[in-house]
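Visitor: Could you take me through one part of this model in close detail? I would like to look at the small sheet and what surrounds it.

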Amino acid sequence: MHCPYCRHTDTKVLDSRVADDGGSIRRRRTCVNCEKRFTTVELMQLTVLKRSGATEPFTRDKAIAGVRKACKGRPVTEDALACLGQEVEDALRTSGYAEVPAHEVGMAILGPLRRLDEVAYLRFASVYRQFESADDFESEISMLRTERALLSPTTSG
């Protein structure tokens, strides 16, 4: 860690605290050269393991970009997409994977997207799950209807 004041490379940690969300650590440091104090924040690096075997850091913006395409023309706000991105990242961080398989990123998106907008969910699922025919859409729509019927209260006259 370089001192932000004198660029010296030797610093000493005075205090460490876990952030409220548990996903980062705040460290209070002092430079052994100029003796000035500064704060650093360490974040856990979430890594995605791609199908090719390559790894790359997880970026919420990249996950949201795919969802944004599925939401094109739908009444979904940028705030709703940001909340979805946060929900997906939180789910991935708590999944216990050291490296999250790319497939799990898509799976983590499907649930929140289904609750956000069913049409966008169908669009995303059709690409992600590689639907090959109208039958695939019909099966998914049937599942959505069944789920909706189970969740909504029945009314009788």
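Guide: Happy to! Two strands count as paired if DSSP finds at least two bridges between them. Keep in mind that this is a predicted model. With that criterion in hand, look at strand β4, residues 47-49: β4 and β6 pair in the parallel sense, over three bridges. One residue to pick out is L49, whose bridge partner in β6 is P101.

Now widen the view to the sheet as a whole. It is an open sheet of three strands, running in the order β5-β4-β6, and its pairing is mixed. At the edges sit β5 (55-57) and β6 (99-101), each of which pairs on one side only. If you ignore direction, neighbouring strands of this sheet are turned against each other by 35° on average. Helix α3, residues 102-116, packs on the sheet and touches both β4 and β6. The direction of α3 makes about 70° with that of β6.

From here, let us move on to a pair of helices. Helix α1 (residues 60-70) packs with helix α4 (residues 118-128) at an angle of about 115°, and their axes are 8 Å apart. Angles of 65 to 115 degrees count as roughly perpendicular, and α1 and α4 are therefore described that way relative to each other. The crossing of α1 past α4 is right-handed. On the α1 side, the contact is made by G66, V67 and A70, while α4 contributes A120, R123 and F124. By character, the residues of this contact divide into four nonpolar, one polar and one charged.

How values were computed. Residues are numbered from 1 along each chain as its sequence is written. This is a predicted model: local features need pLDDT of at least 70, side-chain atom pairs count only at pLDDT 80 or more; totals for chains, interfaces and linings use all residues. Side-chain values use heavy atoms; hydrogens and water are left out. Axes are lines fitted to C-alpha atoms, for helices over the stretch in contact, and angles run from 0 to 180 degrees between N-to-C directions. Helices (H or I, at least four residues) and strands (E, at least two) are DSSP runs, numbered from the N terminus. Angles under 35 degrees count as roughly parallel, over 145 as roughly antiparallel, 65 to 115 as roughly perpendicular and the rest as oblique. A crossing is left-handed if the near helix is turned anticlockwise from the far one by less than a right angle, and right-handed if clockwise. Contact means heavy atoms within 4.5 Å. Ala, Val, Leu, Ile, Met, Phe, Trp, Tyr, Cys and Pro count as nonpolar, Asp, Glu, Lys and Arg as charged, and the others, Gly among them, as polar.
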